[in-house]
Amino acid sequence: MAWNQPGNNGQDRDPWGSSNKGGNSGGNKGGRKRGAIDLDDLFRKLSSKLGGNKGGSGGDNNQQTSNFGGRLGMLAVAAAVIIWGASGFYTIKESDRGVVMRFGEYSGIVGPGLNWKPTFIDKVVPVNVETVREQATNGMMLTSDENVIRVEMNVQYRVTDPAEYLFSVTNPDNSLRQALDSAVRGVIGQSAMEQVLTANRAYIRDVTQKELESTISPYKMGITLLDVNFQAARPPEAVKAAFDDVISAREEEQKTIREAHAYRNEVLPLAKGNAQKMIEEAEAYKVSVVLKAEGEVASFSKMLPEYQAAPEITRERLYIETMERVLSNTRKIIANEKSNSMLVLPLDQLMRGNNSASTPKVTQAPKVTYPNSNQSSLNTDPSSSAAVRGDAVRVGRQ
């Protein structure tokens, strides 16, 4: 039967369940009621399956469904918050410092240990501040005397400001390498080749470090230079043998100079000591001679009045004292004979009791005369003034 065919007790019906009677005022009433009933049945079945409640009225089922949905949403939100909070924990190593960026902008620096950050809000970049880093440069460089030389040099540095290290320069390590290369070439270009190879290596290293520090200082890279090492400097291979000979000769020269300095340091103090010793001995001899001369002058001054009073007696006494002083140093016996001669006997052999078969040598002394005296010779009379003292003979005049 068609959809507009009259029926149902003479009432025409349209597809929306409304009758022709009464116009369009109640046309959709029957269809709208049927759709609501179908939705209620659908929610009731879904609630019974999820909640396990098969009984109860339709209103209770709707309330249970809404309560379950609210709990489920709260649990989901709580789980998301817990996961978000747990994801914010992080650890910074002992050698690192963490640079915190909030929405891409620098916020601060955190120390080593366990820290927390709001995920999706803060970002932490760890920067190592304790490791000693190194940059090197090498290449053929032109010296001031227009020679080409190959130089190798490196620099050791450490990060001291993580924020400046990350944000002041795009690539601070590469910038430092370029600054090192520029500084080395500038210093080598002002130095002669021989100075670079031999004597001025330490000076070139110090100048390069100062030049490098002054170059990177305006950029505020957040790094501190520790040391600049001058590793190698060598001429081109074509002239390397000649320069090796020059270096060997220079080293030999320095070795000879050091040996000469060592010899000088060894001999010079000894010579100074000997010179001082000779000076002191000369001073002592001068003092002794002067004192002896002064003593002799004083003795002569005392003797002069006696000589003036009795010249003969004083002259005899002086002669006897002189002979006593001379003969006291010999081990010989001088005896007087009747003849005008003297016998000289070896007293040292006699005193040692030498029993040798040889006869002691006897020497005749020449005749001794005394001016202005009646005595012409010496005698051995005990009554004379000659007497033996020790191993010598004192000879006197009567």
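Q: Buried means under 20% relative accessible area and exposed means over 50%, with partly exposed in between; what makes Arg234 partly exposed in this predicted model?
A: Arg234 has a relative accessible area of 30%, and because this value is neither under 20% nor over 50%, Arg234 is called partly exposed.

Q: How do you know that Glu152 and Arg234 form a salt bridge?
A: The closest N and O atoms of Glu152 and Arg234 are 3.4 Å apart, and since the rule asks for a side-chain nitrogen of Lys or Arg within 4 Å of a carboxyl oxygen of Asp or Glu, the pair qualifies. The two residues belong to distant parts of the chain, with Glu152 in strand S7 (residues 148-159) and Arg234 in strand S8 (residues 223-234), 82 residues apart. Glu152, with a relative accessible area of 22%, is partly exposed. By this rule the count comes to 9 salt bridges.

Q: What makes the contact between Lys286 and Glu283 a salt bridge, and how are the two residues placed in helix H7?
A: The N to O separation between the side chains of Lys286 and Glu283 is 3.3 Å, which is within 4 Å and therefore meets the criterion. Both residues lie in helix H7 (residues 240-309), where being 3 residues apart separates them by about one helical turn. In an α-helix there are 3.6 residues a turn, so residues three or four places apart point the same way. Lys286 is partly exposed at 47% relative accessible area, and Glu283 counts as partly exposed at 40%.

Q: Why is the pair of Arg317 and Glu306 said to tie together parts of the chain?
A: The side chains of Arg317 and Glu306 meet in a salt bridge at 3.2 Å, N to O. Because Arg317 lies in helix H8 (residues 311-327) while Glu306 lies in helix H7, the pair ties together parts that are 11 residues apart in sequence. Arg317 has a relative accessible area of 33% and Glu306 one of 43%, so each falls in the partly exposed range.

Q: Which residues are linked in a network of salt bridges?
A: The network consists of Arg205, Asp206 and Asp227.

Q: How do you know that the span of H8 is close to the expected one?
A: H8 has 17 residues and reaches 24 Å from its first C-alpha to its last, and at 1.5 Å a residue the expected value is 24 Å. Among the residues of H8, Thr314, Ile320 and Leu327 are buried.

Q: What makes S3 and S5 the edge strands of the open sheet?
A: The sheet has 3 strands in the order S3-S2-S5, with antiparallel pairing. Strand S3 (105-110) and strand S5 (122-128) each pair on one side only, and are for that reason its edges. From one strand to the next, the twist averages 30°.

Q: How do you know that S2 and S5 are paired?
A: Strand S2 (residues 96-102) and S5 share 7 bridges in the antiparallel sense, and as pairing requires at least two bridges, the two strands are paired. One of the contacts joins Gly98 to Pro126, its bridge partner in S5.

Q: Why is Phe120 called exposed, and what is unusual about its phi?
A: The relative accessible area of Phe120 is 74%, and because that is over 50%, Phe120 is classed as exposed. Phe120 is found in the loop between strand S4 (113-116) and S5, and its phi is near 70°, a positive value in a residue other than glycine. Most residues other than glycine have a negative phi. The C-alpha atoms of Phe120 and Gly88 are separated by 9.0 Å, although the two residues are 32 residues apart along the chain.

Q: Which residues make the nonpolar surface patch?
A: Trp84, Phe89, Leu114, Trp116 and Phe120 make a nonpolar surface patch of about 640 Å².

Q: What makes Glu146 exposed, and where is Glu146 found?
A: At 69% relative accessibility, Glu146 is over the 50% limit and therefore counts as exposed. Glu146 is found in the loop between strand S6 (133-142) and S7, and its phi is near 60°, a positive value in a residue other than glycine.

Notes. Residues numbered from 1 in each chain as written. Predicted model: local features only at pLDDT ≥ 70, side-chain atom pairs only at ≥ 80, totals over all residues. Heavy atoms only, no water. Helix = DSSP H or I, 4+ residues; strand = E, 2+ residues; numbered from the N terminus. Buried < 20%, exposed > 50% of the residue type's maximum accessible area, 1.4 Å probe, protein only. Axes fitted to C-alpha atoms, helices over the stretch in contact; angles between N-to-C directions. Expected span 1.5 Å × (residues − 1). Patch = residues over 30% accessible without salt bridge, like charges linked within 9 Å, V, L, I, M, F, W, Y side chains within 5 Å. Areas by Shrake-Rupley, 256 points an atom, 1.4 Å probe, with all protein chains shown as cover.
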